[in-house]
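Me: Hi! I'm new to this one and would like a friendly walk through it. Can we look at it together?

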Amino acid sequence: MSEIKMEICNFIPREWLLPWLNEGQSQSSLANNHNIDESTFRKIKSKNGYRIPVETLNKICEAKNLKLCEFFQKVGV
């Protein structure tokens, strides 16, 4: 189970957070844009990963115009 957690927690920063930051945006603005707390992104980026609630993952996906099933396909789990 923790392998899935880590795959999700590696995917979000790699595919969404880092490109956002590379565009000169802040982590805080990404959190605001996705209707979640900035601390959630810090938890996701932690080396131990984060057991992200489905509700939070759904908020992130909605902001990306993705269905949860599409997200999991992208992650590969």
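Reply: Happy to; we can go through the core, the pocket, the cysteines and a few single residues. Keep in mind that this is a predicted model.

Me: Good to know. Which residues touch the most other members in the largest nonpolar core?

Reply: Those are Ile12, Trp16, Phe41, Ile44, Ile52, Ile60 and Phe71, out of 20 residues in that core. Helices 1, 2, 3, 4 and 5 each supply at least two residues of this core.

Me: And which helix gives the most to this core?

Reply: Helix 1 does, with seven residues.

Me: Let's zoom in on Trp16. What does Trp16 touch, leaving out residues up to four places away in sequence?

Reply: Trp16 touches Phe11, Leu30, Ile60, Lys64, Leu66 and Phe71. Two of those contacts, Ile60 and Phe71, are also on the list of core residues that touch the most other members.

Me: Switching topic: how much space lies in the largest pocket?

Reply: About 260 Å³. The pocket is lined by 13 residues, and the closest to its centre are Ile4, Lys5, Ile8, Arg51 and Ile52.

Me: Where does the lining come from, in terms of helices?

Reply: Helix 1 (2–22), helix 4 (54–63) and helix 5 (68–75) each supply at least two lining residues. Helix 1 gives the most here, with four residues.

Me: What classes of residue are in that lining?

Reply: By class, there are 10 nonpolar residues, one polar and two charged.

Me: Now the cysteines. How many disulfides does a search of the whole structure find?

Reply: Zero.

Me: Why is Cys9 not bonded to another cysteine?

Reply: Because the closest cysteine sulfur, in Cys61, is 13 Å from the sulfur of Cys9, which is too far for a bond. For a disulfide, the two sulfur atoms would have to be within 2.5 Å. Cys69 is in no disulfide either, as the nearest cysteine sulfur, again that of Cys61, is 9.3 Å away.

Me: Are Cys9 and Cys69 buried or exposed, or somewhere in between?

Reply: Cys9 has 3% relative accessibility, so Cys9 counts as buried. Cys69 comes out at 48%, so Cys69 counts as partly exposed.

Me: Back to Cys9: where is it, and what does it touch?

Reply: Cys9 is in helix 1. Not counting residues up to four places away in sequence, Cys9 touches Ile44, Gly49 and Tyr50. As for Leu66, that residue is 57 residues from Cys9 in sequence and 17 Å away in space, C-alpha to C-alpha.

Me: I noticed His34. Where does His34 lie, and is it buried or exposed?

Reply: His34 lies in the loop between helix 2 and helix 3. His34 counts as buried because its relative accessibility is 2%, and the cut-off for buried is under 20%. Leaving out residues up to four places away in sequence, His34 touches Lys59, Ile60, Ala63 and Lys64.

Me: What about Asn35, in the loop between helix 2 and helix 3: is Asn35 buried or exposed?

Reply: Asn35 counts as exposed, at 56% relative accessibility. Asn35 also has a positive phi of about 60 degrees although it is not a glycine.

Me: Which phi value does Asn65 have?

Reply: Phi of Asn65 is near 55 degrees, a positive value in a residue other than glycine. Asn65 is found in the loop between helix 4 and helix 5, and with 70% relative accessibility Asn65 counts as exposed.

Me: Two more. What's the story with Thr40?

Reply: Thr40 has its place in helix 3. Thr40 is buried, with a relative accessible area of 9%. Apart from neighbours within four places in sequence, Thr40 is in contact with Tyr50 and Thr56.

Me: And last, what does Leu68 touch?

Reply: Leaving aside residues up to four places away in sequence, Leu68 touches Val54, Leu57, Asn58 and Cys61. Leu68 lies in helix 5 and is partly exposed, with a relative accessible area of 23%. The C-alpha atoms of Leu68 and Val54 are separated by 9.0 Å, and these residues are 14 apart along the chain.

How values were computed
Residues are numbered from 1 along each chain as its sequence is written. This is a predicted model: local features need pLDDT of at least 70, side-chain atom pairs count only at pLDDT 80 or more; totals for chains, interfaces and linings use all residues. Side-chain values use heavy atoms; hydrogens and water are left out. On a 1 Å grid over the protein atoms alone, a cavity is a set of points where a 1.4 Å probe fits but cannot get out, and a pocket is an open set with protein on both sides within 12 Å along at least five of seven lines; lining residues have an atom within 4 Å of a point. Grid points are joined across faces, edges and corners, and a volume is the space filled by probe spheres set on the points. Ala, Val, Leu, Ile, Met, Phe, Trp, Tyr, Cys and Pro count as nonpolar, Asp, Glu, Lys and Arg as charged, and the others, Gly among them, as polar. A nonpolar core is a set of buried Ala, Val, Leu, Ile, Met, Phe, Trp, Tyr and Cys residues joined through side-chain atoms within 4.5 Å. Buried means under 20% relative accessible area, exposed over 50%, partly exposed in between (1.4 Å probe, protein chains only). Contact means heavy atoms within 4.5 Å.
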